[in-house]
Amino acid sequence: MRKFLIAGNWKMHKGVSETSAFIESLLATDPTPAVDVVVSPPFTSLPTAAMLLTGSEIGLAAQNVHWESSGAFTGELSSEMLVEIGASWVIVGHSERRTLFGETDRTARDRARAAQQAGLKVIYCIGETLEERESERTFEVLESQTDGLGALESAELVVAYEPVWAIGTGRTASPEQAQEAHAFVRGCLERAFSTERAESIRILYGGSLKPTNAHELLSKPDVDGGLIGGASLDVDSFSAIIRAAAECAAGE
Ligand code: PGA
């Protein structure tokens with residue numbers, strides 16, 4: 001019922017020429033209708049990416065957005081500006097934004113709401129730190145991070161569960177740990193929206209997802225795709241993850 005979504009979060013990698021080369025190679029691979037694909041280059045590469053992706057099914061995400069439409073916010077960009085240059089998605093609340101740039105649940109929700117109002121689809125990131133997991137506070141953290149999401153439009157919302165201890169560390173959540181967290185998050189979404197809506201919201205796993213572990217993670221019932229950092233920077237490994245999702249969609 002939920003279509004797989006594979007999203008590449010490039011972080012601060014790939015300027016305009018590397019972006020062009022990557023997208024041209026990606027467009028040359030066989031499209032897989034069973035899987036939605038999104039790429040998220042840095043801001044300066046978005047216009048080029050948008051141009052190259054015109055007419056393709058691949059979505060384009062920005063990595064951050066401000067909640068106001070315009071104003072004295074040095075260094076920020078608005079949803080309207082992102083829409084104008086052809087972005088259709090935005091990643092909000094990534095753990096790097098939370099730990100390095102002061103993002104909070106409140107600001108992440110404000111960004112998400114403004115983005116949706118401007119017509120952007122949102123990938124909303126949550127996840128516990130190692131210390132929180134080890135002190136058995138994972139569920140408590142996920143509950144508070146999803147609190148208030150009910151104010152968003154569920155049809156344009158994707159949640160990414162990214163345990164902070166697994167991001168860029170090579171340490172992946174086991175499929176069982178991912179499924180347990182995803183099922184818990186779906187329960188939170190049921191309370192925020194309704195059972196029916198929660199069933200339709202995709203929950204992505206992120207944190208050292210790569211071709212060698214994609215299939216086992218994506219075959220879990222509540223894992224509806226992935227938000228991929230490191231392994232999304234190489235077309236072959238990104239494509240291999242898309243293929244793994246297509247196999248899972250086909251029940252293989
Ligand atoms: P990673 O990053 O795949 O490199 O662990 C995931 C993310 O930060 O979204």
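This tour goes from the ligand to two backbone outliers, then to Arg2 and a helix pair.

The model is predicted: local features need pLDDT of at least 70 and side-chain atom pairs count only at pLDDT 80 or more, while totals for chains, interfaces and linings use all residues. Residues are numbered from 1 along each chain as its sequence is written, and side-chain values use heavy atoms, with hydrogens and water left out.

**Stop 1: the ligand**

Select the ligand and the 13 residues around it. A residue belongs here if one of its heavy atoms lies within 4 Å of the ligand. Lys11, His94, Glu162, Gly168 and Ser208 come nearest. By class, the shell has 4 nonpolar, 7 polar and 2 charged residues. Here Ala, Val, Leu, Ile, Met, Phe, Trp, Tyr, Cys and Pro count as nonpolar, Asp, Glu, Lys and Arg as charged, and the others, Gly among them, as polar.

Now show polar contacts, meaning pairs of N or O atoms within 3.5 Å; within protein, one atom must be able to donate a hydrogen and the other to accept it, and residues adjacent in sequence count only if both atoms are side-chain atoms. A polar backbone atom of Gly168 is 2.7 Å from a ligand oxygen. For Gly230, a polar backbone atom is 2.9 Å from a ligand oxygen. Asn9 uses a polar side-chain atom, 3.5 Å from a ligand oxygen. The protein covers 95% of the 280 Å² of accessible area that the ligand has on its own. Areas come from the Shrake-Rupley method with a 1.4 Å probe; for residues, only the protein chains shown count as cover.

**Stop 2: positive phi**

Most residues other than glycine have a negative phi. Select Lys11: its phi is near 55°. Lys11 sits in the loop between strand E1 (4-9) and helix H1 (16-28). Helices (H or I, at least four residues) and strands (E, at least two) are DSSP runs, numbered from the N terminus. Next, select Glu136, with phi also near 55°. Glu136 is in the loop between helix H6 (130-134) and H7.

**Stop 3: Arg2**

Go to the segment before E1 and pick Arg2. The Arg2 side chain reaches the backbone oxygen of Glu199 at 2.7 Å. It also makes a polar contact with the side chain of Asp224 (2.9 Å).

**Stop 4: H7 and H8**

Select residues 138-146 (H7) and 175-192 (H8). Their axes come within 10 Å and cross at roughly 40°. Axes are lines fitted to C-alpha atoms, for helices over the stretch in contact, and angles run from 0 to 180 degrees between N-to-C directions. Show the contact residues (heavy atoms within 4.5 Å). H7 gives Phe139, Leu142, Glu143 and Thr146. H8 gives Glu180, Ala181, Phe184, Val185, Cys188 and Arg191.
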